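Please open the structure in a viewer and keep the sequence at hand. The tour proceeds by selections, each followed by a short account of what is found there.

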Amino acid sequence: MKSSSMNTQLGNIIIDNEVIAQYAGTVATESFGVVGMAVVNVKDGIVSLLKKDNVTKGIVVSLKDNKLILDFHIIVSYGVSIMAVADNLIDSVKYKVGEFTGLEIEKVNIYVEGVRVID
């Protein structure tokens, strides 16, 4: 079990990385232009769209010097600006996940794994 922790004057707070990934995944899927989270099958090179209950598999959470680093593997909507989607996602994640955890977000890496047409 990997977790992120911080020390406060009242004691230690430990947050499981799965909890951070779940919250960050919810923030990501609510962002404009993001169809969903993706997982890449390294063996076959196949990218799959994850269902809402598996969004954590598309996010890697790590802690370095008490700062979070988040890697997002996303699928974007066809016809939207990838740069605009990425900027919006980074801003949303830095604010919302930072407020949620109380930890500083050092870096948000966006990996666009595919494009989907939305009906």
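The stops below follow one helix and then a contact made from it to another helix. The model is predicted.

**First stop: helix H1.** Select residues 17-29, which form helix H1. These 13 residues reach 18 Å from the first C-alpha to the last, close to the 18 Å expected at 1.5 Å a residue.

**Second stop: the start of H1.** Select Asp16 together with Glu18. Here a side-chain oxygen of Asp16 comes to within 2.7 Å of the backbone nitrogen of Glu18.

**Third stop: the buried residues of H1.** Colour Asn17, Ile20, Ala21, Ala24, Gly25, Val27, Ala28 and Thr29, which are buried in this helix. In an α-helix, residues three or four places apart point the same way, because there are 3.6 residues a turn.

**Fourth stop: Thr29.** Remain in H1 and select Thr29. Its relative accessibility is 18%, and Thr29 therefore counts as buried, the cut-off being under 20%. The side chain of Thr29 reaches the backbone oxygen of Thr26 at 3.1 Å.

**Fifth stop: the aromatic pair.** Which residues form the aromatic pair? The structure holds one such pair, and Tyr23 and Phe100 form it. The two rings are stacked, at 4.0 Å centre to centre and with 10° between the planes. The pair links distant parts of the chain: Tyr23 belongs to helix H1 and Phe100 to helix H2 (residues 82-101), 77 residues apart. Tyr23 is partly exposed, with a relative accessible area of 29%; Phe100 is also partly exposed, at 40%.

Terms used: Residues numbered from 1 in each chain as written. Predicted model: local features only at pLDDT ≥ 70, side-chain atom pairs only at ≥ 80, totals over all residues. Heavy atoms only, no water. Helix = DSSP H or I, 4+ residues; strand = E, 2+ residues; numbered from the N terminus. Expected span 1.5 Å × (residues − 1). Buried < 20%, exposed > 50% of the residue type's maximum accessible area, 1.4 Å probe, protein only. Polar contact = N/O pair within 3.5 Å; in protein donor to acceptor, adjacent residues only side chain to side chain. Phe/Tyr/Trp six-rings, centres within 6.5 Å; stacked < 30°, edge-to-face > 60°.
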